[in-house]
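Biologist: Got a few minutes to walk me through this one? I'd like to go piece by piece.
Modeller: Sure, pull it up and ask away.

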Amino acid sequence: MGAVEQAVPSSARLVLTSAAAPCHTPAGVVGNTPVLWIDEPFTADGRGFWAKLEGHNPGGIKDRPALHMLERARERGDVAVGAPIVESTSGTLGLGLALAGIVYGHPVTLVTDPGMEPMMVHMLSAYGADVDVVSEPDPVGGWQEARRRRVRDLLDAEPGAWCPDQYHNPDNVAAYEPLAMELVAQLGRVDVLVTSVGTGGHSAGVSRSLRRFCPRLRVVGVDTTGSTIFGQPAGPRLMRGLGSSIYPRNVDYRAFGEVHWVTAPEAVWTCRELAAHHYASGGWSVGAVGLVAGWLARTLPPETRIAAIFPDGPQRYFDTVYNDAYCRAHNLLDRAPAEQPVRITHSGERIVDRWTRCTTVTDPVTDPRLAHLRAWR
């Protein structure tokens with residue numbers, strides 16, 4: 001008996017398998033990012049760490065929460081069909097929200113500041129977003145607070161507009177459960193998780209889900225100097241994508257076993273070493289996380305399985321991290337980091353100005369030892 005001939009689908013896209021987010025749709029290409037083994041020049045003798053390459057998402061790691069936050073808000077009726085979306089961003093969430101706006105049919109306004117790279121402004125506009133640039137920093141909260149104030153003004157002026165509020169929205173945390181499940185499937189177990197911290201979303205979401213499978217998981221947070229998140233006073237911050245001048249409620253302080261602060265020159269050196277040796281790099285957060293993960297791989301027992309989350313790729317940093325003229329102007333070149341971080345016993349011990357490690361992590365809003373630092377802010 002001959003084989004039964006099946007009809008050819010009328011549309012070529014129907015040949016592809018369907019799913020909740022079919023792989024041939026914009027949302028369907030988010031997730032399932034690869035991991036890459038990183039060793040030299042950071043380690044030797046077979047040591048190393050696994051880098052989760054979130055830059056393989058269309059816009060980076062924040063494609064995940066942008067889609068998830070909007071999906072959940074639509075399900076709850078918090079945002080009407082076609083309602084405007086307004087949010088503050090330094091870049092990566094903006095790319096994710098532009099994607100979410102395309103997928104679900106919402107106009108998107110993104111509030112940023114003059115520090116956003118020109119290429120990012122052009123790309124966000126190309127993706128259909130309206131980019132609103134604030135002109136002056138807030139005298140207390142800096143550019144970040146100025147952006148948030150502008151968001152509030154835009155929301156007041158347009159009833160029905162919706163703000164995801166990435167800093168405090170619990171859906172931002174829940175969005176990262178799939179990333180954790182991918183790590184479990186790819187690595188089997190994770191002993192140490194290294195993540196940058198900005199809004200607190202991916203560090204809280206990934207660690208929470210991973211602990212269901214890896215109860216002894218140790219989480220290492222990576223911040224930038226000049227950031228208030230872990231109890232340092234607010235200061236100038238050249239690096240974007242990590243750090244904050246406010247205290248995001250999504251940060252899960254109890255999850256962290258230690259925190260490291262990294263400076264811009266140290267991050268630039270690491271980014272360029274990653275690019276030269278592994279053809280995989282990214283921006284400020286990737287450099288900071290890679291530096292810390294490399295040190296952990298050198299110093300922890302060799303059987304320790306370390307996963308480091310690289311939030312984005314290098315493309316948007318053409319004019320900053322990978323631009324020699326920019327780096328020379330900001331004194332970022334030829335400043336290799338020390339072999340190991342300086343250690344402090346508590347985040348309020350002193351203001352850090354180089355790669356520094358602290359194994360006592362507390363919530364700076366409630367820790368009485370940090371009251372004087374809150375006053376500086």
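Biologist: Is strand 2 mostly covered or mostly open?
Modeller: Covered, for the most part: strand 2 spans residues 49–53, and 4 of its 5 residues are buried. Keep in mind this is a predicted model.

Biologist: What does strand 2 pair with, and in which sense?
Modeller: It has strand 1 (residues 35–38) as an antiparallel partner, over 4 bridges. Strand 9 (residues 306–310) is a parallel partner, also with 4 bridges.

Biologist: Which residues stand opposite each other there?
Modeller: On the strand 1 side, V35 faces K52 of strand 2. Towards strand 9, W50 has A307 as its bridge partner, and A51 stands opposite A308.

Biologist: What's the strand order in the whole sheet?
Modeller: The order is 1-2-9-6-7-8-11-10, an open sheet of 8 strands with mixed pairing. Strand 1 and strand 10 (342–344) are the edges, each pairing on one side only. On average, neighbouring strands are turned by 25° against each other, ignoring direction.

Biologist: Which helix lies across strand 2?
Modeller: Helix 6, residues 177–187. It lies across strand 1, strand 2, strand 6 (192–196) and strand 9, and runs at about 135° to strand 2.

Biologist: Back to strands. What is the order in the 3-strand sheet, and how does it pair?
Modeller: That one is open too, ordered 3-4-5, and the pairing is parallel. Its edge strands are strand 3 (85–88) and strand 5 (130–133), each with pairing on one side only. The twist averages 20° from one strand to the next.

Biologist: How many bridges join strand 3 and strand 4?
Modeller: There are 4, linking strand 3 in the parallel sense to strand 4, residues 108–112. As one of the facing pairs, S88 stands opposite V111 of strand 4.

Biologist: Switching to helix packing. At what angle do helix 1 and helix 2 pack?
Modeller: About 45°, with the axes 7 Å apart; helix 1 is residues 63–76 and helix 2 is 92–104. An angle between 35 and 65 degrees falls outside both the roughly parallel and roughly perpendicular ranges, so the two helices count as oblique to each other. The crossing is right-handed.

Biologist: Which residues meet there?
Modeller: Helix 1 brings D63, A66, L67, M69, L70, E71 and R74. Helix 2 answers with L93, L95, G96, L97, L99, A100, V103 and Y104. By class, the contact has 11 nonpolar, 1 polar and 3 charged residues.

Biologist: And helix 8 with helix 9, what's the angle there?
Modeller: About 85°, again with axes 7 Å apart, for helix 8 (residues 264–278) and helix 9 (residues 284–299). That makes helix 8 roughly perpendicular to helix 9. On the helix 8 side the contact uses A264, E266, A267, V268, T270, C271 and L274. On the helix 9 side you get W284, V286, G287, A288, G290 and L291. The class split is 9 nonpolar, 3 polar and 1 charged.

Biologist: I like to check backbone oddities. Which peptide bond is cis?
Modeller: The one from E40 to P41 is cis, with omega near 5°. P41 is in the loop between strand 1 and strand 2.

Biologist: And which residues other than glycine have a positive phi?
Modeller: Y279 is one, with phi near 55°, and D334 is another, with phi near 55°. Most residues other than glycine have a negative phi.

Biologist: Where do they sit, and are they buried or exposed?
Modeller: Y279 is in the loop between helix 8 and helix 9. Its relative accessibility is 80%, so Y279 counts as exposed. D334 is in the loop between helix 10 (324–329) and strand 10. With 82% relative accessibility, D334 counts as exposed.

Biologist: Last one, where's E158?
Modeller: In the loop between helix 4 (142–157) and helix 5 (170–174). At a relative accessible area of 38%, E158 is partly exposed, because that class lies between the 20% and 50% cut-offs.

Biologist: How far is E158 from W50?
Modeller: Their C-alpha atoms are separated by 45 Å, and the two residues are 108 apart along the chain.

Conventions
Residues numbered from 1 in each chain as written. Predicted model: local features only at pLDDT ≥ 70, side-chain atom pairs only at ≥ 80, totals over all residues. Heavy atoms only, no water. Buried < 20%, exposed > 50% of the residue type's maximum accessible area, 1.4 Å probe, protein only. Axes fitted to C-alpha atoms, helices over the stretch in contact; angles between N-to-C directions. Parallel < 35°, antiparallel > 145°, perpendicular 65-115°, else oblique. Left-handed = near helix turned anticlockwise from the far one by under 90°. Contact = heavy atoms within 4.5 Å. Nonpolar A, V, L, I, M, F, W, Y, C, P; charged D, E, K, R; others polar. Pairing = 2+ DSSP bridges.
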